[in-house]
Amino acid sequence: MENVVVLIVGAGPAGLATAACLTQFSIPYAIVEREDCSASLWRKRAYDRLKLHLAKEFCELPHMSYPADAPTYIPKSMFIKYLDDYMGRFDIQPKYLTSVESSIYDNDKKCWSIVACDVAEGTTINFIAKFLIVASGENSAENIPDISGLHRFPGEVIHSSRYKSGKSFSGKSVLVVGSGNSGMEIAYDLATHGANTSIVIRSPIHVMTKELVRLGMTLAHHLPLNLVDNLLVMVTKFIFGDLSRHGIRMPKMGPMTLKSKTGRSSVIDVGTVGLIKRGLIQVQGSISKIMGNIVKFQSGDEITFDAIVFATGYKSTTNMWLKNGEGMLNDNGLPTKEYPNHWKGENGLYCAGLARRGLAGIAADAKNIADDIKSVIGSMCG
Ligand SMILES: Cc1cc2nc3c(=O)[nH]c(=O)nc-3n(C[C@H](O)[C@H](O)[C@H](O)COP(=O)(O)OP(=O)(O)OC[C@H]3O[C@@H](n4cnc5c(N)ncnc54)[C@H](O)[C@@H]3O)c2cc1C
Ligand SMILES: *[C@@H]1O[C@H](CO)[C@@H](O)[C@H](O)[C@H]1NC(C)=O
């Protein structure tokens with residue numbers, strides 16, 4: 001049995017940022033991680049060509065900047081190096097291979113009772129904590145939609161988190177399902193590696209350049225959102241032209257408003273749109289079913305594929321282990337309260353990194369949580 005003041009679940013960017021902020025106040029904590037390394041999403045579940053989508057000034061964790069000579073868009077390997085340096089700087093030592101299986105609030109003892117599994121040994125570890133921080137990520141389990149006939153598809157089926165590079169798909173016909181940043185970038189990677197690539201784009205999306213996203217985020221500090229949106233939409237139409245004839249429709253809500261109201265991000269074009277226009281990537285609508293290696297679309301088209309990549313996002317698994325968290329998280333494991341009040345639950349429960357606001361959101365959550373714990377501890381001692 002381990003008694004700790006604060007237990008942080010998850011050693012991704014959110015857990016590390018919170019640990020650093022607690023260290024600044026000399027508040028003792030333990031941090032547990034189910035994998036054998038920190039930031040497992042970045043080290044193990046990200047494709048080779050990934051760079052941070054947002055400019056570096058929006059991707060810093062609290063109390064440590066990127067080196068001045070770092071590029072504006074940080075490559076994956078440099079981001080991992082930054083996290084390693086961050087852990088060194090704040091002396092963060094996660095307990096690895098420790099997967100939290102259940103947490104319950106003990107109303108009599110007024111503390112959290114947590115059961116974790118030592119994955120290597122198969123043994124159980126019990127923690128008692130005054131404060132519990134959920135930093136287990138929005139991306140903890142693969143989400144693959146239920147499509148009739150999928151389990152009988154004879155080709156390769158993978159989720160985007162296990163996709164590394166298009167090298168092994170050269171010469172094959174591949175269908176990418178999902179048109180977020182991962183889907184669009186994976187389609188580009190496949191096509192440029194010589195795969196005959198199609199992508200399912202079901203819902204309307206905003207396609208932007210990374211420079212425009214940066215401009216929008218910067219302007220949003222000074223101007224009303226609808227003004228920024230109008231400007232962005234005008235410029236994207238100028239850059240990309242009318243994409244609706246290529247199967248890409250634009251949402252009614254502007255890109256910045258859509259992000260702030262629904263958390264849905266714009267897609268940052270890495271060259272995919274150019275390949276779509278040149279007919280090197282085919283855009284498809286919704287899938288109706290799969291028969292053998294033939295995918296049938298709602299348009300009536302039937303196309304044969306060798307592989308399917310699902311870039312259909314993730315789902316949260318927090319509700320599988322967190323009890324008494326109803327005040328903070330809904331049935332989907334996402335915050336009940338709206339941003340910016342989403343990070344605090346009852347009885348010393350907090351969440352970092354669940355507001356769909358990327359690394360900047362993580363940095364804000366970490367600071368808020370540490371400030372709050374400091375003031376609670378202060379009032380208990382005073
Ligand atoms: C492909 C991709 C690109 C992105 N690019 C950007 C970007 O450019 N800019 C930006 O701001 N954001 C970006 N994001 C969004 C976000 O910043 C990252 O997803 C970030 O890694 C989230 O950090 P996190 O710590 O909240 O979650 P994660 O990185 O998912 O870390 C959570 C950790 O908790 C562990 N864990 C989960 N459950 C348990 C458990 N029960 N017990 C113990 N440990 C557990 C996991 O193993 C994991 O290591 C991107 C996301 C993805 C998927
Ligand atoms: C490539 O895929 C399209 C369908 O998206 C198909 O019509 C075409 O025959 C394929 N080409 C090759 C060389 O496989």
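Me: Let's say a residue is near a molecule or strand when one of its heavy atoms lies within 4 Å of it. Which residues come nearest to ligand 1?

Reply: Glu33, Ser40, Trp42, His53 and Leu359, out of 29 residues around ligand 1. Keep in mind that this is a predicted model, where local features need pLDDT of at least 70 and side-chain atom pairs count only at pLDDT 80 or more, while totals for chains, interfaces and linings use all residues. Residues are numbered from 1 along each chain as its sequence is written, chains are lettered from A and ligands numbered from 1 in the order written, and side-chain values use heavy atoms, leaving out hydrogens and water.

Me: Got it. What does the side chain of Ser40 do at ligand 1?

Reply: An N or O atom of the Ser40 side chain sits 2.8 Å from an oxygen atom of ligand 1. That's a polar contact (a pair of N or O atoms within 3.5 Å; within protein, one must be able to donate a hydrogen and the other to accept it, and residues adjacent in sequence count only if both atoms are side-chain atoms). Trp42 has a polar side-chain atom 2.8 Å from an oxygen atom of ligand 1. Arg34 comes in through its backbone, with a polar atom 3.1 Å from a nitrogen of ligand 1.

Me: So is ligand 1 mostly covered or mostly open?

Reply: Covered: ligand 1 has 990 Å² of accessible area on its own (Shrake-Rupley, 1.4 Å probe), and the protein takes up 93% of that.

Me: Which elements give two or more residues to that shell?

Reply: Helix 1 (13-24), helix 2 (40-44), strand 3 (98-106) and helix 10 (358-381). Helices here are DSSP runs of H or I with at least four residues, strands are E runs of at least two, and both are numbered from the N terminus.

Me: Sticking with helix 1, how does it pack with helix 3?

Reply: Helix 1 and helix 3 (residues 76-89) meet at about 30 degrees, and their axes are 10 Å apart. That makes the two roughly parallel, a label for angles under 35 degrees.

Me: And how do helix 5 and helix 6 cross?

Reply: The axes of helix 5 (residues 210-219) and helix 6 (residues 225-240) cross at roughly 165 degrees and come within 10 Å. Helix 5 is therefore roughly antiparallel to helix 6, as the cut-off for that is over 145 (65 to 115 would be roughly perpendicular, the rest oblique).

Me: Switching topic: which residues are around ligand 2?

Reply: Ser173, Asn196, Ser198, Gln282 and Ile303. Asn196 has a side-chain N or O atom 2.5 Å from an oxygen of ligand 2. Ser198 puts a polar side-chain atom 3.2 Å from a ligand 2 oxygen, and Gln282 has one at 3.2 Å from an oxygen there.

Me: How much of ligand 2 does the protein cover?

Reply: 41% of the 360 Å² that ligand 2 exposes on its own.

Me: Last bit, the backbone. Where does Pro340 lie?

Reply: Pro340 is in the loop between helix 9 (318-321) and strand 18 (349-351). The peptide bond joining Tyr339 and Pro340 is cis, with omega about 5 degrees.

Me: And what is phi of Asn347?

Reply: Near 60 degrees, so to speak a positive value in a residue other than glycine. Asn347 is placed in the loop between helix 9 and strand 18.

Key. Axes fitted to C-alpha atoms, helices over the stretch in contact; angles between N-to-C directions.
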